[in-house]
Amino acid sequence: MPLRKSWVESANSPETEFPLNNLPYGVFSAGQRNHHCGVAIGDSILDVTALEDAHMLRPSGDAKVFDSGNWNAFMELGPEVWGRFRNQLVGLLGESADSFIRDGCRVALVAMTDATMHMPFKVAEFTDFYAGRHHATNVGTMFRGAENALPPNWLHIPIGYNGRASSVVVSGTDIRRPWGQLKSPDHAAPAFLPCRRFDIELEIGAIVGKRSDGPVSVASADEMIFGYVLLNDWSARDIQAWEYQPLGPFQSKATATSISPWIVTRAALDPFRTSTPPREVPLLPHLHEPGPMLYDIPLEVSLQPRGAAKASVIAKTNYAEMYYSAAQQLAHHTTAGSPMNVGDLLGSGTISGAGRHERGSLLELSWGGKEPFTLDTGETRSFVEDGDTLTLRGAAQGDGYRVGFGECSGTVIAALDASDLPYPTMKDA
Ligand code: CA
């Protein structure tokens with residue numbers, strides 16, 4: 001599919017992440033507009049809350065869905081309405097729109113540079129998976145040795161854990177380094193200290209837009225997905241190493257998970273569908289994928305130390321590296337009977353490629369801290385330091401256009417001072 005032209009000129013640039021082909025959904029404030037739902041188009045945001053008030057858009061017929069400060073009520077309307085609404089947006093913003101429509105929309109266009117972005121949806125529940133083959137192999141090799149790198153179940157089921165919806169934050173939110181219980185080599189007993197091995201995980205999050213009750217096939221699971229976001233699952237590796245057996249990660253993943261401000265819809269990503277990699281062992285029938293359900297989305301991670309003039313790109317990879325698609329993960333999630341709800345968020349798991357510079361975590365890039373890597377500034381890193389800003393970017397590349405997410409960024413700030421904690425710590429002793 002070629003570029004679809006818009007009368008919003010900036011949307012026709014081959015560089016923009018937000019052409020008419022994309023139309024991602026977010027929530028913004030600008031001037032008098034407080035937590036309005038918006039659609040990104042070129043360097044602007046179309047205020048759909050204002051257009052709903054003006055009766056130019058009414059996806060639900062009578063009741064308003066864009067006055068609640070998030071996209072959940074719209075998601076509730078279901079896939080048929082999602083498709084109709086997308087067509088309406090193309091009608092409003094496409095180059096064939098007449099001057100009456102353009103004038104009506106112009107008053108609802110806000111410059112992106114004037115807007116503050118918020119969480120685009122209310123997260124119902126958050127599940128995170130571990131579905132990147134290279135990531136699982138790298139981490140397994142570091143923790144258990146090359147022979148036992150992949151756990152015996154890994155090639156058969158998408159491994160996951162139930163995380164916390166309460167700690168999901170929008171890009172731009174500062175991330176405070178956590179304290180936690182660490183097993184450090186110089187202490188016989190564990191110590192309660194600020195995390196020393198704070199890390200990121202480059203992921204894509206899938207948002208469930210349709211309720212389920214009972215088991216769901218992979219094909220139906222794909223249709224339940226409303227859209228995708230970039231997702232950075234901040235991880236405290238030293239807390240994780242001590243706590244993770246036998247029930248998996250807990251406090252190591254409870255600090256924050258950042259997401260991009262824009263939800264890119266499944267419809268916008270459709271031209272970039274690709275198949276999961278060949279299976280090493282056959283999957284059981286409930287995980288069979290009836291068609292391509294993964295996406296070709298080039299991704300990159302950059303790190304900018306406090307005060308540095310520019311960021312260094314530290315990793316480049318692709319969402320197509322995943323061994324399991326979000327549809328497979330979602331289908332698997334329902335096998336034991338758990339209902340899924342509108343607003344559920346599913347993290348893909350860390351996305352890493354085969355190459356050394358294709359690793360989606362600092363743990364892998366520095367090989368557990370044994371091989372620190374060098375930034376463009378000449379500084380080295382093993383893990384995230386206070387003042388570092390970590391940014392994820394991702395955009396599918398079409399024929400003369402891109403479909404992107406905006407950036408998913410977060411700056412790490414110093415841990416709370418020991419005197420601000422409600423209990424004594426080792427530092428006081
Ligand atoms: Ca993760």
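Which element gives the largest share of the lining of the second largest pocket? We will get there in Exercise 2, after a warm-up.

This is a predicted model, in which local features need pLDDT of at least 70, side-chain atom pairs count only at pLDDT 80 or more, and totals for chains, interfaces and linings use all residues. Residues are numbered from 1 along each chain as its sequence is written, and side-chain values use heavy atoms, with hydrogens and water left out.

**Exercise 1. Describe the largest pocket and its lining.**

Step 1: start with the term. On a 1 Å grid over the protein atoms alone, where a 1.4 Å probe fits, a pocket is an open set of points with protein on both sides within 12 Å along at least five of seven lines; lining residues have an atom within 4 Å of a point.

Step 2: find the volume, which is about 550 Å³. A volume is the space filled by probe spheres set on the points, and grid points are joined across faces, edges and corners.

Step 3: look at the lining. It has 27 residues, and Tyr130, Ile159, Gln240, Tyr244 and Pro249 lie nearest the centre. Two or more residues each come from β6 (126-129), α5 (133-144), β7 (160-162) and α7 (237-243). Here helices (H or I, at least four residues) and strands (E, at least two) are DSSP runs, numbered from the N terminus. With four residues, α5 gives the most.

**Exercise 2. Do the same for the second largest pocket.**

Step 1: its volume is about 410 Å³. Of its 17 lining residues, Lys183, Arg197, Arg237, Asp238 and Ala241 are the closest to the centre.

Step 2: α5 and α7 each supply at least two residues of this lining. The opening question is now solved: α7 gives the largest share, four residues.

Step 3: sort the lining by class, and you find nine nonpolar, two polar and six charged residues. Ala, Val, Leu, Ile, Met, Phe, Trp, Tyr, Cys and Pro count as nonpolar, Asp, Glu, Lys and Arg as charged, and the others, Gly among them, as polar.

**Exercise 3. Find the protein donors of the calcium ion.**

Step 1: donors are N, O and S atoms within 2.8 Å of the metal (3.2 Å for Na, K and Ca); water is not among the atoms, so sites may look incomplete.

Step 2: the protein donors are Asp128 (OD), Glu201 (OE), Glu203 (OE) and Asp233 (OD), at 2.2 to 2.4 Å from the ion. Along the chain their spacing is D-x72-E-x1-E-x29-D.

Step 3: place two of them. Glu201 sits in the loop between β12 (198-199) and β13 (202-208), while Asp233 belongs to strand β14 (residues 225-233), so this pair ties together parts 32 residues apart in sequence.

Step 4: check burial. Both Glu201 and Asp233 are buried, where buried means under 20% relative accessible area, exposed over 50%, and partly exposed in between (1.4 Å probe, protein chains only).

**Exercise 4. Is Ser212 buried or exposed?**

Step 1: locate Ser212 in the loop between β13 and α6 (218-224).

Step 2: Ser212 has 6% relative accessibility, so it counts as buried.

Step 3: list its contacts (heavy atoms within 4.5 Å). Leaving out residues up to four places away in sequence, Ser212 touches Met224, Thr334, Pro339 and Met340.

**Exercise 5. Why is helix α9 largely enclosed by the rest of the structure?**

Step 1: α9 covers residues 326-333, and eight of its eight residues are buried, so the helix is largely enclosed.

Step 2: see what covers these buried residues; β6, β7, β13, α6, β14 and β22 (345-347) are included.
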